[in-house]
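New to this one? Here's a quick briefing to read alongside the sequence and the 3D view.

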Amino acid sequence: MKASTVFCRTPLAASALCLSLTLFASTDIIANTPPPAQACEKGQVFYDSVPKQHNSYFRNMLDWLENTTLDKQQQADIDNFWQELVTREEKLRNFIDNADSVDSPELDEHAQSLFVLNHILPDISAGLKHKLNMPCTSILKSEYQKVMGTHHETLEQKLKDFSFHDLPISGFLDQEGNLYNPAKYSQLDPGWSTALAYYIGYKTGFIQKAPMNQPAYLDLSDRTDISILVVGDWGTGYWTDGTDPSPAQMVMNAMQQHQATIAIHLGDEYYAGTRYTMDGHPGEEAFNFTSLWDPGTEYSFALGSNHGMYDGENGLRYLTLESPKFAAQNKSTTFAIELSDWIIVGLDTARNDPSTLFQDGALDPVQGKFLKKMGEKGKKLLLLTHHTAISLDGKKQNDPLWSQVNKYLGRQPDYWIWGHIHQGIVYSPSSAAGKMVGRCWGHGAIPVGTAKELLQKDGSCIPEISYYSHTPYPNPDREQKLRIRNGYGLLNFSGDQVNEQLYDQYGNLQWEDALNFSDE
């Protein structure tokens, strides 16, 4: 995901990751911790919504760091991480300073993360400052509450919609359609700090990267006609979404109605795709993804992603890829499926991504050589990655990934589908993808709204986009008021032609196109 970061309300209390915390400050303060160098504002803010498992993990990691010295690279990675959070918080600072004049804030999925880490349980915040030099947040508690109360139309509406920190339940959207409201997996969910916790653990060496087998290969070269389901960023688990099942559950139910042979997940199991809970039971990867994955297909594949990398891909490797459901993948996050006229290549663009929080995507030489080898088969090539080939608005290419793919392959892929951004988009030849068929299908489960930057004033799509899936919820409750439907894609291959379909979470066909990849 291009991670977005709400407060758990009473109906969500049963969620495996929304266990209530005490309303009182913890007495488990790290012994002999000196005062931080900066005079940070003290006080706990996030009482009810930061996962208990997350806090236990933080304490274990901080205890481990007591007897650990970081090498230069690890220290540089942590320093860069803090600087990244400071930079992202500047967008929140700008919004606070101009709140009365901003209709659609340009915030960031981790704009509040530094504030969250400074205001979770006091011993954890103190430990992060003492052992890893976490900087203070520039946001005061009073300012944060101001942010939570800026988008009410009238005082009457303000009182009617009151929830945690005065945030209206419907929330508000930024230009990219990211949703800020008190719903699970929305932008302001302190649970996203779980991803930060595990990222810190990985970068300090507390978590080791899981080993992977050599790239998997599935030979279906005798198949001319085949149907493949594709869904991205689906690993949220199931929860009660107002009066509805969660989008992930509805999407899976709809996917089961198709007679497909293969189902492919474009990556992201939330919050951090963990292998274990702190008490040793199977973690998020199991209860938010693997145990629920049931598309009814003969084969299933799962891509690596930034959220899976936060736990070093240990959840993906030892839970998902050990499951019989994913046997064809041979315990590797890189794979190829050969059809009569096509090579479908899945790459793990997070595993060796040097960017902070694995947000940009990159290839290593091993994957690059595998892509080159598959391209040399002389067939049409469909590339599947978690990270994007081009920007959300389709105006620019995503480097270094775009350049690396073209370098190793020696040309553009014929067809490229990705996730990471939680929208369903069909890009046009006017986009930065050019003649390559480019699709973003990362709208499998995360709650989002309409991305205004993809639409012109008359409501039509910008020239770079042929179709944008932004159908509103039918009969939404207050929490769903600004949301659009999630969905998935179905590819029906017949020789060198592909009938491409996009469905919403209710199983309604939203888009269809007959793609002819003939050289004639």
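What follows is a short tour of a predicted model, grouped by topic. It starts with a sheet of eight strands, moves on to the nonpolar cores, and ends with some spots in the loops.

**The eight-stranded sheet**

- Let's begin with the open sheet, whose eight strands come in the order E3-E9-E10-E11-E12-E14-E13-E15. The pairing in this sheet is mixed.
- Which strands stand at the edges? They are E3 (216-219) and E15 (465-469). Each has a single partner strand, so one side of each is left without a neighbour in the sheet.
- Going from one strand to the next, the twist averages 15 degrees.
- For a look at one pairing, take strand E10 (residues 342-346) and strand E11 (residues 380-385): they run parallel and are joined by five bridges. Val 345 has Leu 383 in E11 as its bridge partner.

**The largest nonpolar core**

- The largest nonpolar core has 42 residues. Val 345, Leu 371, Trp 416 and Tyr 468 are the members that touch the most others. You've already met Val 345, as the bridge partner of Leu 383.
- Several elements each supply at least two residues of this core, among them strands E10, E11 and E15, along with helix H12 (365-375). Strand E12 (415-418) and strand E13 (424-427) do so too.
- Which element gives the most to this core? That's H13, with five residues.
- Trp 416 has plenty to touch, even leaving aside its neighbours within four places in sequence. Its contacts include Leu 382, Leu 383, Thr 385 and His 387. Leu 401, Trp 402 and Val 405 are also in contact with Trp 416, and so are Met 436, Val 437, Gly 438 and Arg 439.
- As a general point, nonpolar side chains tend to be buried together in soluble globular proteins.

**Arg 439, a contact of Trp 416**

- You'll find Arg 439 in strand E14 (residues 437-441).
- Is Arg 439 buried or exposed? Its relative accessibility is 3%, so Arg 439 counts as buried; the cut-off for buried is under 20%.
- Besides Trp 416, Arg 439 touches Tyr 415, Ile 417 and Trp 418, as well as Ile 425, Val 426 and Tyr 427. Glu 500 and Leu 515 are on its contact list as well. Residues up to four places away in sequence aren't counted here.
- Arg 439 and Ile 390 are 49 residues apart along the chain, and their C-alpha atoms are separated by 9.4 Å.

**Helix H7 and the second core**

- Helix H7 (residues 193-204) has twelve residues. From its first C-alpha to its last, H7 reaches 17 Å, close to the 16 Å expected at 1.5 Å a residue.
- How many of the twelve residues of H7 are buried? Twelve of the twelve are, so H7 is largely enclosed by the rest of the structure. Among the buried residues are Tyr 198, Tyr 199 and Tyr 202, and Lys 203 is one of them too.
- A second, separate core of 33 residues includes Tyr 199 and Tyr 202, together with Val 116 and Ile 124.
- Just after H7 comes Gly 205, with a positive phi of about 95 degrees.

**Strand E4 and its partners**

- Strand E4 (residues 225-231) is mostly covered, with six of its seven residues buried.
- E4 and E16 run antiparallel and are joined by six bridges. Asn 492 in E16 is the bridge partner of Ser 227.
- E4 and E7 run parallel, with four bridges between them. Here Val 230 stands opposite Ile 264 in E7.

**Spots to check in the loops**

- Tyr 270 and Tyr 271 are joined by a cis peptide bond, with omega about -5 degrees. Tyr 271 sits in the loop between strand E7 (262-265) and helix H9 (284-290).
- From Asp 399 to Pro 400 the peptide bond is also cis, and its omega is near 15 degrees. Look for Pro 400 in the loop between E11 and helix H13 (401-409).
- Lys 331 has a positive phi, near 55 degrees, in a residue other than glycine. The loop between helix H11 (314-320) and strand E9 (335-338) holds Lys 331, which counts as partly exposed at 28% relative accessibility.
- Asn 475 has a positive phi too, near 50 degrees. Its place is in the loop between E15 and strand E16 (487-494), and at 76% relative accessibility Asn 475 counts as exposed.

Notes:
Residues are numbered from 1 along each chain as its sequence is written. This is a predicted model: local features need pLDDT of at least 70, side-chain atom pairs count only at pLDDT 80 or more; totals for chains, interfaces and linings use all residues. Side-chain values use heavy atoms; hydrogens and water are left out. Two strands pair if DSSP finds at least two bridges between them. Axes are lines fitted to C-alpha atoms, for helices over the stretch in contact, and angles run from 0 to 180 degrees between N-to-C directions. Buried means under 20% relative accessible area, exposed over 50%, partly exposed in between (1.4 Å probe, protein chains only). The expected span of a helix is 1.5 Å times one less than its number of residues. A nonpolar core is a set of buried Ala, Val, Leu, Ile, Met, Phe, Trp, Tyr and Cys residues joined through side-chain atoms within 4.5 Å. Contact means heavy atoms within 4.5 Å.
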